[in-house]
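Trainee: Could you take me slowly through one part of this model, the shorter-named chain B, and then show me what it meets? I work at the bench, so please explain the terms as you go.

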Amino acid sequence: MGKEKIKERSLSASEAARRDQREGIQDSIPIALGYFAVSFTFGIMGSLNGLAWWETTLISVTNVTSAGQFAGLSIMSSMGSFIEMAMTQFVVNLRYSLMSISLSQKVDEKFRGIWRALLGFFMTDEIFAVAASKDRPVTRRYFAFLSLLPVACWTLGTMCGAILGDILPAIVTTSLGISLYGMFIAIVVPPAREHKPVLMVVLLSVAISCLLHYGPMFQQVSSGFAVIICAVIASAAGALLFPVPEEGGEA
Amino acid sequence: MSVRLFFLYLLVMSLVTYLVRAVPFLLFRGKIKSRFFRSFLYYIPYSVLSAMTFPAILSATGSLLSAWIGFITALILAFMDKGLIKVAAYSSAVVLAVDLLIRLF
């Protein structure tokens, strides 16, 4: 890292730009591959829910979220209200606000105004995680090239899944239906294993989720609102019982 | 669902998602002061993802048995810190195997 810093000072503007471009693309490749696989599942789910392939693809290119899109899809297919759609997207995607706030402290001085308005569109869990762990300020160019391939693959994967979803046998498509949940589990379990507060929040959220799902008196509660209720109660309980230390953790 | 209704849903969905991302990015320069709010936001991803996963995962596959086995497979692999892709791929493969076996017998 020491060497990097010395080199950085001697880089000309065009060299720095080329480096940002090269490293942005390099760092984005693993994200892009993962996105292709997960969005393929989303494409399949879209056609299982009765959407045309271009409709499912449009959802992906205009949203670029995983959990939010799956939640939105289930609201569409159950003909939920627009309020439910808006509130669900707000709560499910609220974590992006935290990421945006966090990254706003790390971008360089030229990354502001219109650039934030444009590139903020690409704030996903993985793009944020890679940008935030970079050992120097994040430039517009780096962030743009970091986002490019993943978003392209997210869109392309959705399209392939939506088109092939109709062709593949049902037993294959339903087995892929678990892959997104597998990804969620892979995100949640490692920190829950390391930090007891996270584990407690997870268990509480799952308990409320089961109560809303199986409790006879809660059958009116739609799945979108159920996620909001679980998330707000469990996170508030976590914040009250286990406030994060001053640095705010890594989320 | 009509195409018009689809586009209305799409508009609501993408607009809210965009604003949630871009507005704080545009507005925030300083650090959030409320410790409660920061803690609340810190726990949001975990509470959201776990509520979305369970019990919905149990009806995500062809049978309850394959869903449980896929779920437990994912838990074990995630506990062992295998990455997102491996956890997702192996749990899908296990589900497919179980559902194929169920169909055979």
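Mentor: Happy to: below I go through chain B, then its contact with chain A, and then a few places in chain A.

A word on conventions before we start. This is a predicted model, in which local features need pLDDT of at least 70, side-chain atom pairs count only at pLDDT 80 or more, and totals for chains, interfaces and linings use all residues. Residues are numbered from 1 along each chain as its sequence is written, while chains are lettered from A and ligands numbered from 1 in the order in which they are written.

Let's begin with confidence. The model has an ipTM of 0.87 and a pTM of 0.73. Chain B has an average pLDDT of 90, and 98% of its residues reach at least 70 (pLDDT is the predictor's confidence in each residue, from 0 to 100). Among the elements of chain B, the mean is lowest for H2(B), at 86, and highest for H3(B), at 96.

Now the fold. Chain B is built from 4 helices and 0 strands, and along the sequence its pattern reads α-α-α-α. Helices (H or I, at least four residues) and strands (E, at least two) are DSSP runs, numbered from the N terminus. The radius of gyration of chain B is 20 Å, whereas a compact globule of 105 residues would be near 13 Å; this radius is taken over C-alpha atoms, and the globule rule is 2.2 Å times the number of residues to the power 0.38. Along the principal axes, the C-alpha atoms of chain B fill a box of roughly 60 × 45 × 20 Å. Buried residues make up 49% of the 105 in chain B. To count as buried, a residue needs 20 or more other C-beta atoms within 10 Å of its own; with 12 or fewer it is exposed, and in between it is partly exposed, with C-beta atoms placed from the backbone.

Two loops of chain B are worth a pause. Most residues other than glycine have a negative phi, and most peptide bonds are trans. In the loop between H2 and H3 of chain B sits Pro55(B), and the peptide bond from Phe54(B) to Pro55(B) is cis, with omega near 5°. The loop between H3 and H4 of chain B holds Asp81(B), which is not a glycine yet has a positive phi of about 65°. Asp81(B) counts as exposed because it has 12 C-beta neighbours inside 10 Å.

What does chain B meet? Its contact with chain A takes 63 residues from chain B and 77 residues from chain A; two residues are in contact if their C-beta atoms, placed from the backbone, lie within 7 Å. On the chain B side, helices H1 (3-27), H2 (35-53), H3 (64-79) and H4 (84-104) each supply at least two residues. H2(B) gives the largest share of that side, 18 residues. By class, the side of chain B that touches chain A has 45 nonpolar, 12 polar and 6 charged residues. Here Ala, Val, Leu, Ile, Met, Phe, Trp, Tyr, Cys and Pro count as nonpolar, Asp, Glu, Lys and Arg as charged, and the others, Gly among them, as polar.

Across in chain A, helix H3 (residues 53-63) has buried residues, including Leu58(A) and Ile59(A). The buried residues of H3(A) pack against H1 of chain B, together with H2, H4 and helix H9 (140-164) of chain A. Just after H3(A), Val64(A) takes a positive phi of about 50°.

Helix H2 (residues 13-48) of chain A contains Ile44(A), which counts as buried because it has 26 C-beta neighbours inside 10 Å. Ile44(A) and Ala162(A) are 118 residues apart in sequence but 4.8 Å apart in space, C-alpha to C-alpha. Leaving out residues up to four places away in sequence, Ile44(A) touches Gly161(A), Gly165(A), Thr173(A) and Leu176(A).

For contrast, take Met79(A), in the loop between H4 and H5 of chain A. Met79(A) is not a glycine, but it has a positive phi of about 55°. With 10 C-beta neighbours inside 10 Å, Met79(A) counts as exposed.
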